[in-house]
Amino acid sequence: MNTIMRKSVLSVAGLAFAGGVFAGPVAAHANPVDAKPVAVAVQSMAPKPQGEQSHIDLNGEQTANVKAIIAATKKAGLPERAAVISIATSLQESKLENLGHLGDMNDHDSLGLFQQRPSSGWGTPEQITDPEYSTTAFLKGLKQVDGWQDMPLTEAAQTVQVSAYPDAYAQWEQQATDLVGQHWNS
């Protein structure tokens, strides 16, 4: 059982125990005819961000790229979680900047929001630097990952990206989640 699931199960069990301990003595003296069910708050099963989180302030171009990623995700018929994974990936790969060739600073022939490589079959340089195309290409890869919806963000992103830094995506999950929450319905 993974850590997130285990913590969720233990939280629910703890709530049930606490509800029994505190409600039990009160319920024992209540008139059964007047008794009403007690609502118990249960923690969300949504994955929680892993590890320390990073954050950057976004400029207009970066915000436009967030909106482009969300639009492409919606167009692909995928849920908000796919947009969160996509934005976190782009935050790690390019800080949400649509990067062209960086000369000596370039990682091989990586380009665009997701640092996709033409030589690896992601598309032409023109396609990869188009935010809708590059997001759609990333999402196509994500959809091929069995269980991506339920796995840790960094694992889903790494399976698509095959990065030299597989755990680096996790640090952007909270900001990506916040950005999707802010722009999904705008």
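At 0% relative accessibility, Ser86 counts as buried, and that makes this serine a handy place to start looking at the model, which is a predicted one. Ser86 sits in helix α3. Leaving out residues up to four places away in sequence, the neighbours that Ser86 touches are Ile69, Phe114, Phe138 and Leu139.

Stepping back to the whole chain, the secondary structure is simple to describe: there are seven helices and zero strands. Read from the N terminus, the order is just α-α-α-α-α-α-α. The chain has 186 residues, and 34% of them count as buried. About 10,800 Å² of the chain is exposed, with carbon and sulfur atoms supplying 57% of that area. As for how the chain meets itself, take the contacts between residues at least 6 apart in sequence: 61% of these join residues at least 24 apart.

Back to α3, the home of Ser86. This helix has 15 residues, and its first and last C-alpha atoms lie 21 Å apart, close to the 21 Å expected at 1.5 Å a residue. Twelve of those 15 residues are buried, so α3 is largely enclosed by the rest of the structure. The buried set runs through Arg81, Ala82, Ala83, Val84, Ile85, Ser86, Ile87, Ala88, Thr89, Ser90 and Leu91, and also takes in Ser94. What do these buried residues of α3 pack against? Their partners are α2, α5, α6 (153-161) and α7. Just past the helix comes Lys95, which has a positive phi, near 55°.

Helix α2 covers residues 60-75, and its length can be checked in the same spirit. At 1.5 Å a residue, its 16 residues should span 22 Å, and the end C-alpha atoms are indeed 22 Å apart, which agrees. Buried residues in α2 are Gln62, Asn65, Val66, Ile69, Ile70, Ala72 and Thr73. They cover an arc of only 165° around the axis, which puts them on the same side of α2. The face turned away from that buried side carries the exposed residues Gly60 and Lys75. On the buried side, the packing is against α3 (80-94), α5 (131-143) and α7 (173-183). Ile69, one of the buried residues of α2, is also among the residues touched by Ser86.

The two ends of α2 have their own details. At the N-terminal end, Asn59 acts as a cap, with a side-chain oxygen 3.0 Å from the backbone nitrogen of Glu61. After the helix comes Gly77, whose phi is positive, near 75°.

The helices also come together in a nonpolar core. The largest such core has 31 residues, and those with the most contacts inside it are Ile85, Ile87, Leu142 and Trp148. At least two residues of this core come from each of α2, α3, α5, α6 and α7. Which helix gives the largest share of this core? That would be α3, with seven residues. Two of the best-connected core residues, Ile85 and Ile87, also appear in the list of buried residues of α3.

Leu142 gives a closer view of the core. Setting aside neighbours within four places in sequence, Leu142 is in contact with Ala82, Ile85, Trp148, Ala156 and Val160. Among these partners, Ala82 and Ile85 are buried residues of α3, while Ile85 and Trp148 join Leu142 among the residues with the most contacts inside the core.

How values were computed
Residues are numbered from 1 along each chain as its sequence is written. This is a predicted model: local features need pLDDT of at least 70, side-chain atom pairs count only at pLDDT 80 or more; totals for chains, interfaces and linings use all residues. Side-chain values use heavy atoms; hydrogens and water are left out. Helices (H or I, at least four residues) and strands (E, at least two) are DSSP runs, numbered from the N terminus. Buried means under 20% relative accessible area, exposed over 50%, partly exposed in between (1.4 Å probe, protein chains only). Contact means heavy atoms within 4.5 Å. Accessible areas come from the Shrake-Rupley method with a 1.4 Å probe; for residues, only the protein chains shown count as cover. The expected span of a helix is 1.5 Å times one less than its number of residues. The arc is that of the directions from the helix axis to the C-beta atoms. A polar contact is a pair of N or O atoms within 3.5 Å; within protein, one must be able to donate a hydrogen and the other to accept it, and residues adjacent in sequence count only if both atoms are side-chain atoms. A nonpolar core is a set of buried Ala, Val, Leu, Ile, Met, Phe, Trp, Tyr and Cys residues joined through side-chain atoms within 4.5 Å.
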